[in-house]
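Here are my notes on this one, set out as numbered points. Please have the structure open while you read, and follow along from residue to residue.

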Amino acid sequence: MAISQTVAEVKEPCSLPMLSVDMENKENGSAGVKNSMENGRPPDPADWAVMDVVNYFRMAGFEEQASAFQEQEIDGKSLLLMTRNDVLTGLQLKLGPALKIYEYHVKPLQTKHLKHNSS
């Protein structure tokens, strides 16, 4: 008698290129946005301006929800400080997209940021 095993397919939470800011052109939270990879890794989200955050979520397929980040002026540092409750209630998003945004984008960005900066 054979026991069949199922293996859950693990998907990478985000395989989109992250955005970096051109620090020399940064004024009032807007920045020259460019796709770049540093040593094959995305740049630190803590350096993102508000529009970098907005564009990240637009590229991730959350066009409608991205405007909430702009309205609330969420930059990279703020994004990394957001709790699950902040995303679910503070941005006034529909529950489904808010859960996906937190679980598949905000939380992994926070984890990656912590790992990168604690090394």
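1. Let me begin with helix 1, where the buried residues are Val50, Asp52, Val53, Val54, Tyr56 and Phe57. Please bear in mind throughout that this is a predicted model. As a reminder, an α-helix has 3.6 residues a turn, so residues three or four places apart point the same way. After helix 1 comes Gly61, with a positive phi near 100°.

2. Now the overall layout. The chain has 5 helices and 2 strands, and from the N terminus the order of elements is β-β-α-α-α-α-α. Of the 119 residues in the chain, 34% are buried. Among contacts with a separation of 6 or more, 51% join residues 24 or more positions apart. The exposed area of the chain is about 8,000 Å², and 49% of that area is supplied by carbon and sulfur atoms.

3. How do helix 1 and helix 2 pack, and at what angle? Helix 1 (residues 50–59) and helix 2 (residues 63–71) meet at about 165°, and their axes are 8 Å apart. An angle over 145 degrees counts as roughly antiparallel, so helix 1 is roughly antiparallel to helix 2. Their crossing is right-handed. On the helix 1 side the contact is made by Val50, Met51, Val53, Val54, Phe57 and Arg58, and on the helix 2 side by Glu63, Ala66, Phe69 and Gln70. Sorted by class, this contact of helix 1 with helix 2 comprises 7 nonpolar, 1 polar and 2 charged residues.

4. Phe57 deserves a look of its own. This residue of helix 1 has a relative accessible area of 0% and is therefore buried. Setting aside neighbours within four places in sequence, Phe57 is in contact with Phe62, Glu63, Ala66, Phe69, Leu79, Ile101, His105 and Val106. For one of these partners, His105, the C-alpha to C-alpha distance from Phe57 is 8.5 Å, with the two positions 48 residues apart in sequence numbering.

5. Follow Phe57 to its partner Ile101, and you arrive in helix 5. Is Ile101 buried or exposed? Its relative accessible area is 0%, so Ile101 is buried. Apart from neighbours within four places in sequence, Ile101 is in contact with Phe57, Phe62, Gln65, Phe69, Val87, Leu93 and Val106. Phe62, Phe69 and Val106 also appear among the contacts of Phe57. The C-alpha atoms of Ile101 and Leu88 are 9.1 Å apart, and the two residues are 13 residues apart along the chain.

6. Gln65, in helix 2, is a polar residue by class, and I would invite you to check its surroundings. At 12% relative accessibility Gln65 is under the 20% cut-off, so Gln65 counts as buried. Which residues does Gln65 touch, not counting those up to four places away in sequence? They are Leu93, Pro97 and Ile101. The C-alpha atoms of Gln65 and Lys94 are separated by 8.7 Å, although the two are 29 residues apart along the chain.

7. Lys94 itself sits in the loop between helix 4 (84–90) and helix 5. With 62% relative accessibility, Lys94 counts as exposed. Gln92 is found in the loop between helix 4 and helix 5 as well. Its relative accessible area is 72%, which makes Gln92 exposed. Please look at the backbone here: phi of Gln92 is positive, near 55°, in a residue other than glycine.

8. Glu73 is another residue to check for its backbone. Glu73 is not a glycine, yet has a positive phi of about 55°. Its place is in the loop between helix 2 and helix 3 (76–81). Glu73 has a relative accessible area of 60% and is therefore exposed.

9. Last, a histidine. His113 is found in helix 5 (residues 95–118). At 18% relative accessibility, His113 is under the 20% cut-off, so His113 counts as buried. Leaving out residues up to four places away in sequence, His113 touches Asp44, Ala46 and Leu80.

Definitions and conventions:
Residues are numbered from 1 along each chain as its sequence is written. This is a predicted model: local features need pLDDT of at least 70, side-chain atom pairs count only at pLDDT 80 or more; totals for chains, interfaces and linings use all residues. Side-chain values use heavy atoms; hydrogens and water are left out. Axes are lines fitted to C-alpha atoms, for helices over the stretch in contact, and angles run from 0 to 180 degrees between N-to-C directions. Helices (H or I, at least four residues) and strands (E, at least two) are DSSP runs, numbered from the N terminus. Angles under 35 degrees count as roughly parallel, over 145 as roughly antiparallel, 65 to 115 as roughly perpendicular and the rest as oblique. A crossing is left-handed if the near helix is turned anticlockwise from the far one by less than a right angle, and right-handed if clockwise. Contact means heavy atoms within 4.5 Å. Buried means under 20% relative accessible area, exposed over 50%, partly exposed in between (1.4 Å probe, protein chains only). Accessible areas come from the Shrake-Rupley method with a 1.4 Å probe; for residues, only the protein chains shown count as cover.
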